Each structure stands twice: as C-alpha cells, then as structure tokens.
Amino acid sequence: MAACQVSYDSPSLCTVSAPRLRPEIESLPSYKAGQMPAPRTDIRTYKISSNETPFEPPAMVREAIEAAARDVHRYPDPFNRRLTAALAQRFDVQPEQIALGTGSVAVVGQLLWAATGPGDSVVYPWRSFEAYPIWVQMTGARSIQVPLLPDERHDLPAMLEAIDDTTRVVFVCNPNNPTGEAVRRDELIAFLDAVPSDVIVVLDEAYREFINNEDVPDGLEFLQGRENVVVIRTFSKAYGLAGLRVGFAITSPHLAEGIRKTMIPFGVSSIAEAAAVAALQCEDELFARVGHLANERDRVWHALADQGWNIHPSHANFVWMRLGDRTEEFAAACEEAGITVRAFPGEGVRISVAEEEANDRVIEVGKRLSSVPR
Ligand SMILES: *Cc1c(COP(=O)(O)O)cnc(C)c1O
C-alpha cells in the first residue's frame, strides 16, 4: 500500500492502526439514556421513564447542599466518614460494614471489579436491572441469565441450579427492576441457605422503602452469620437525590473493604455527602412522600388491572405492563399524551409513579387502548 490512512472500518489493511479498546468494551452497546419528553406547548409533559421521585428535596437538604457548596475548592473526605457514621447509626451496623459509591450502580460495579474477572461467571435473573450485564461484561466475566417466572418473580431454584464452580456473584433484585415483583422471605432464606458460602449474593434493594408487604424481607435481616450477603441501597429513589449520585452497600467488613478498594477516589462529592446526611435526618418527611407514592402506585395498578391488562403487583415506585407486541403502540400513545415511559421493545413498558396528573394520564391511556380491538 502506498499511502496509508487510519481506517476505522478495516484497520488491518493499513500499516497505521486505529487505537484499540478491549474487545469486551468494543462489543458493548452504547448507553441509551432515558428518553426526555419532546418539548410541547399544548400540555405539560412528564418524564416517567427513570423511576425518579417527582418531589424536590426538602428544605433541610437544599440548605445542606448550599452550605456544602462553599467548600467545593477542597477535596471531599475520601472516606466519607460523616455519611458512613450516619449510615452505621441509622442501620445499626458497624462503620466497617459500609461501603459507598457514586450511586448504587457504581457500588455494583465496584463489587464486580473486586470479585470477578475473566473465567468467572455471574448469575442473575432476566429481565432485570440493565446495569448487570454491562458491568459483568466490563469485568470480562460471563453472564448467566435465568429467565423470570411467568408471574414476573425470580426463579430462585433455577438460579441456584445455574450456579457452578465458576460463579462468583449472584444478584437478587428485590423488588425487581423493571417488573416490580419481589421475592418472599421463606424462599429467599431457602436460597441463601443453599448458595455456597464463597459465592457472593447481592440483594439489590434500590426500592426497599416502597415495599409495604410484610412477607418481602429486608435484606439486612440476613447479614447476621452470612458473610457472603451484600445489601445494596441508594439515595436516588426514596431519598430523592438521583442527581447527586450516592449509593451504599451494607455487608461483612471483608466485602465492604473490597468495595471500598475499588471505589473511584473522592467519588462521592462533599455536596452529595452533605445532602445524604441531611436526607437521613428528614426521613419522616421523605417517607411520608414514599407512602403517598406507594398509594398512587396501587391506584394505578388497580386501575390498569381492572381494565383487563395482564399486570402483576409492584413493590416499587413503578408499574410494569408486559405488553409484548403492543409495547411500542402503548409507549407511543403515552408519548402522545405527554408522558414518556420506558419501553422495552417487544416486552413491555415500565411506568414510574409520579405526579397525580401523570398517573391519571397513564390510566387514561390504558383505558383507551384496552378498548382498541386487536
Ligand atoms: C435505580 C436503581 C438503582 C440505583 O441506581 P443509582 O446508581 O443509585 O442511582 C440500583 N439498582 C436498581 C435495580 C435500580 O433500579
């Protein structure tokens, strides 16, 4: 070849090669962010695609953020000691049992970096939280996806069956995103008792605060005597701090240390830390809102069920409609009505519970489409 240019399509034909990424990264799909509603002048639009809270932060949290803003010329405390101590007190555990990250999605990544690599496998239900397959692929490990049961719950016996000698981590997403269903105490205990003690079980409880069913356990019940259980929580949903990126794990000191070692240095900012500490101090106010949203969730769910849709109860701040080939039609009708939902093409839609008007529109769209002949 006479002249040579960098060719992105066929680098091998060229003596100058394009810079290369790891094959695991090259083959990852690019992240598609949750859709924002298209600007409209006729009606108010609502983004109900990311399970955010519709409420602004309480005054005390805003004030903590403003006060922390004065110190942003300094690095944050790399150990986030104030927040760690506040969480230890709140959940009645030792500070050594807590590890933080920039959102619980980062905590999941930190745990996988700490525990898995090429040759290992990670077992999780599917469909579930979309971060799992991405993080697993980044570590070079192999995903073993176990289909959900027809009633949208985890198939824990099949997940147990799927664990083999290569398995390092198993995820239980409780309640499951995007289906909203939750595993019950008895089945989870049987599962935890059967999982080999050197396999890490992650209980991803991002929506814990929205559960109001006594049979759905709090993962913290299982830490005693089980060093392989990691409970993951977040400030993004019930605590309303999605924009500040703080999540945490509560686990055995050994695993917490592993999650801390793989944290991005200074990741949790001083503003995020101050806001999270303040949020823990206004749980009464925040949890009253959670109660309201849980009631709204049940209202939306009952209305859609009464309209004849095939939907299962949700324990989170969203509802899931398994619509199959009507998914796109439903999502488009929502968009038309000024509400942007999360569509999983060919599978279903996940609809965050939000302002009452947004919830009313979901019910209206459901009503209209339920009477469309197929
Ligand atoms: C929203 C969500 C999270 C939380 O993500 P953050 O990074 O904390 O904002 C974690 N797990 C699941 C299953 C979720 O749906």
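Author: A residue counts as buried under 20% relative accessible area, as exposed over 50% and as partly exposed in between, with a 1.4 Å probe and protein chains only. The model is predicted, so local features need pLDDT of at least 70 and side-chain atom pairs pLDDT 80 or more, while totals for chains, interfaces and linings use all residues. Residues are numbered from 1 along each chain as its sequence is written, and side-chain values use heavy atoms, without hydrogens and water.

Reader: Why does Asp77 count as partly exposed, and what is Arg81 by that rule?

Author: Asp77 has a relative accessibility of 22%, which lies between the two bounds, so Asp77 counts as partly exposed. Arg81, at 54%, passes the upper bound and is therefore exposed.

Reader: What makes the contact of Arg81 with Asp77 a salt bridge?

Author: The term requires a side-chain nitrogen of Lys or Arg within 4 Å of a carboxyl oxygen of Asp or Glu. For Arg81 and Asp77 the distance from N to O is 3.1 Å, so the pair meets that rule; the structure holds 24 salt bridges.

Reader: How do you know that Glu24 and Arg22 form a salt bridge?

Author: Their closest N and O atoms are 3.6 Å apart, which is within the limit, and the pair therefore counts. Glu24, at 24% relative accessibility, is partly exposed, and Arg22 is partly exposed as well, at 42%.

Reader: Which parts of the chain does the pair of Asp360 and Arg299 link?

Author: The side chains of Asp360 and Arg299 meet in a salt bridge of 2.9 Å, N to O. Asp360 lies in helix 12 (residues 356–370) and Arg299 in helix 10 (residues 283–306), so that distant parts of the chain, 61 residues apart, are linked; helices here are DSSP runs of H or I with at least four residues, and strands are runs of E with at least two, numbered from the N terminus. Asp360 has a relative accessible area of 32% and Arg299 one of 30%, so both are partly exposed. Elsewhere, Glu205, Arg208, Asp218 and Arg233 are linked in a network of salt bridges.

Reader: Why is the pair of Tyr124 and Trp126 called edge-to-face?

Author: Rings of Phe, Tyr and Trp (its six-membered ring) pair if their centres lie within 6.5 Å, with planes under 30 degrees apart counted as stacked, over 60 as edge-to-face and the rest as tilted. The structure holds 13 aromatic pairs. In the pair of Tyr124 and Trp126 the centres are 6.0 Å apart and the planes stand at 75 degrees, so the pair is edge-to-face. Tyr124 is buried at 0% relative accessibility, whereas Trp126 is partly exposed at 23%.

Reader: What makes Tyr239 and Phe287 an edge-to-face pair, and how far apart in sequence are the parts tied together?

Author: Their ring centres are 5.6 Å apart and the planes are at 65 degrees, so this pair is edge-to-face too. Tyr239 lies in the loop between strand 7 (229–234) and strand 8 (247–250), while Phe287 belongs to helix 10, so the pair ties together parts that are 48 residues apart in sequence. Tyr239, at 4% relative accessibility, is buried, and Phe287, at 28%, is partly exposed. Both rings belong to one aromatic cluster with Phe91, Phe235 and Phe248.
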